[in-house]
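Subject: Handing over a structure, with notes on what was found

Dear colleague,

I am passing this structure on to you, and below it you will find my notes, written so that you can follow them with the model open beside you. Please look at the structure before you read further.

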Amino acid sequence: MSVQFNHTIVHARDNRESAEFLAGILGLEVGTAWGPFVPVTTDNGVTLDFAAVPAESIVLQHYAFLVPDEVFDAAFARLLAQGVDHFADPGMKRPGEINHHHGGRGVYFLDPAGHGMELITRPYGSHPAPGE
């Protein structure tokens with residue numbers, strides 16, 4: 001068996017709110033709560049288990065999602081429709097923009113708990129096709 005990433009726990013002030021926010025942006029389903037966790041599973045089988053913790057114990061984490069162009073378009077439209085602030089960079093110095101790194105597109109935004117979320121259409125380190 002090869003090594004595969006299976007799941008991670010994402011701290012949130014409100015586990016259901018954060019799970020529903022991410023699932024809604026990405027067009028995914030929120031799974032059935034299990035114990036203290038509200039799961040969201042990506043198409044490659046990785047589960048983000050949202051757990052409610054006291055707000056003062058939440059430390060900013062970064063979660064990046066590689067998505068096809070059509071998912072990016074739909075997710076970006078949802079961000080705009082919901083009025084979610086978005087940025088072209090992780091330092092949040094370029095508000096209202098997206099980036100075009102590695103011949104694709106990328107955007108950063110915060111979830112309800114303050115975690116940095118990133119959507120990219122090309123993996124880091126990929127090289128642009130000729131003419132890009």
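Let me begin with strand β3, residues 47–52, in what is a predicted model. Five of the six residues of strand β3 are buried, so the strand is largely enclosed by the rest of the structure. A residue is called buried here when its relative accessible area is under 20%.

Which strands pair with β3, and in what direction do they run? Strand β1, residues 7–12, runs parallel to β3 and is joined to it by six bridges, and within this pair threonine 8 stands opposite leucine 48. Strand β2, residues 37–41, runs antiparallel to β3 and is joined to it by five bridges, with proline 39 standing opposite aspartate 49. As you look at these strands, it may help to remember that in a regular strand the side chains alternate between the two faces of the sheet.

Strands β2 and β3 form a hairpin with five residues between them, and in this hairpin glycine 45 takes a positive phi near 90°. Asparagine 44 also sits in the loop between β2 and β3, and it is exposed, because its relative accessible area is 63%, where the cut-off for exposed is over 50%. Although asparagine 44 and asparagine 6 are 38 residues apart in sequence, their C-alpha atoms are 9.3 Å apart in space.

Asparagine 44 leads on to the largest pocket, which has a volume of about 400 Å³. Of the 17 residues that line this pocket, those closest to its centre are Thr42, Asn44, Ala64, Phe65 and Leu66. Strand β4, residues 62–66, gives the most to the lining, with four residues. Sorted by class, the lining of the largest pocket has 12 nonpolar residues, four polar ones and one charged one.

How many cavities of 30 Å³ or more does the structure hold? There is one, and the space in the largest cavity comes to about 40 Å³. The residues that line the largest cavity are Asn99, His101, His102, Arg105, Gly106, Glu118, Ile120, Thr121, Arg122 and Tyr124, and by class they comprise two nonpolar, five polar and three charged residues.

For the protein as a whole, the secondary structure comes to two helices and six strands, which follow the pattern β-α-β-β-β-α-β-β when read along the sequence. One residue to find in the second helix is leucine 80, which lies in α2, residues 69–81. Leucine 80 is partly exposed, with a relative accessible area of 46%, and its C-alpha atom is 31 Å from that of phenylalanine 5, the two residues being 75 apart in sequence.

Finally, some values for the overall form. A compact globule of 132 residues would have a radius of gyration near 14 Å, and the protein has 15 Å, which agrees. Its C-alpha atoms fill a box of roughly 50 × 40 × 25 Å, taken along the principal axes. Buried residues make up 39% of the 132 residues. Among contacts between residues at least 6 apart in sequence, 52% join residues at least 24 apart.

With best wishes

Conventions. Residues numbered from 1 in each chain as written. Predicted model: local features only at pLDDT ≥ 70, side-chain atom pairs only at ≥ 80, totals over all residues. Heavy atoms only, no water. Buried < 20%, exposed > 50% of the residue type's maximum accessible area, 1.4 Å probe, protein only. Pairing = 2+ DSSP bridges. 1 Å grid on protein atoms, 1.4 Å probe; cavity = no way out; pocket = protein on both sides within 12 Å on 5 of 7 lines; lining within 4 Å. Points joined across faces, edges and corners; volume = space filled by probe spheres on them. Nonpolar A, V, L, I, M, F, W, Y, C, P; charged D, E, K, R; others polar. Rg over C-alpha atoms; globule rule 2.2 N^0.38 Å. Contact = heavy atoms within 4.5 Å.
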